[in-house]
Amino acid sequence: EVQLVESGGGLAQAGESLRLSCAASGFSFDDHAIGWVRQAPGKEREGVSCVSAGDGGTDYANSVKGRFTISRDDAKNTVYLQMNSLKPEDTAVYFCAASGSSWCGFTYDAWGQGTQVTVSS
């Protein structure tokens, strides 16, 4: 069974940092691109970042470039999202998702349950 379990969300003040983790199991983790997608209340889901398998290439939404860093540890089947200089508009539920492809830019086939990030001003 494919499982993606997020952790690390919580409450932060503007300017602070949080680190999200996504622990994966049930599939060949190092063959798949993994991404973070967020959804704020009343808004559509937004792709935040993605890391490809193999070369570990990364993509970021313009809204988080320079502030967020995605990384993966294939030995631990875990992906991280380091979020610095948080803003109130980063408040959302953050989902970890696995693509059927090794490369970013394709649809996600499996999702975690999400972790809440709330940033106060």
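Here are three short exercises, each with a worked solution, on a predicted model.

**Exercise 1.** Which residues are linked in a network of salt bridges, and which parts does the network tie together?

*Solution.* Start with R38, in strand 4. R38 pairs with E46, with the closest N and O atoms 2.8 Å apart. R38 also pairs with D90, this time at 2.9 Å. Since D90 sits in the loop between strand 8 and strand 9, that second pair ties together parts 52 residues apart in sequence. Now move on to D90: its side chain meets R67 in a salt bridge at 2.7 Å, N to O. R67 lies in the loop between strand 6 and strand 7, so here the parts tied together are 23 residues apart in sequence. Put it all together and you get R38, E46, R67 and D90 in a network.

**Exercise 2.** Sort R38, E46 and D90 into buried or partly exposed.

*Solution.* Buried means under 20% relative accessible area. R38 comes in at 6%, so it's buried. D90, at 1%, is buried as well. E46 has 29%, so call it partly exposed.

**Exercise 3.** Which residues have the most contacts inside the largest nonpolar core, and what does L81 touch?

*Solution.* The core has 28 residues, and the ones to pick out are W36, L81, M83 and Y94. Next, see where the core comes from: strands 3, 4, 5, 7, 8, 9 and 11 each supply at least two of its residues. Finally, zoom in on L81. Leaving out residues up to four places away in sequence, its contacts include W36, Y94, V48, F68 and I70.

Definitions and conventions
Residues are numbered from 1 along each chain as its sequence is written. This is a predicted model: local features need pLDDT of at least 70, side-chain atom pairs count only at pLDDT 80 or more; totals for chains, interfaces and linings use all residues. Side-chain values use heavy atoms; hydrogens and water are left out. A nonpolar core is a set of buried Ala, Val, Leu, Ile, Met, Phe, Trp, Tyr and Cys residues joined through side-chain atoms within 4.5 Å. Buried means under 20% relative accessible area, exposed over 50%, partly exposed in between (1.4 Å probe, protein chains only). Helices (H or I, at least four residues) and strands (E, at least two) are DSSP runs, numbered from the N terminus. Contact means heavy atoms within 4.5 Å. A salt bridge is a side-chain nitrogen of Lys or Arg within 4 Å of a carboxyl oxygen of Asp or Glu.
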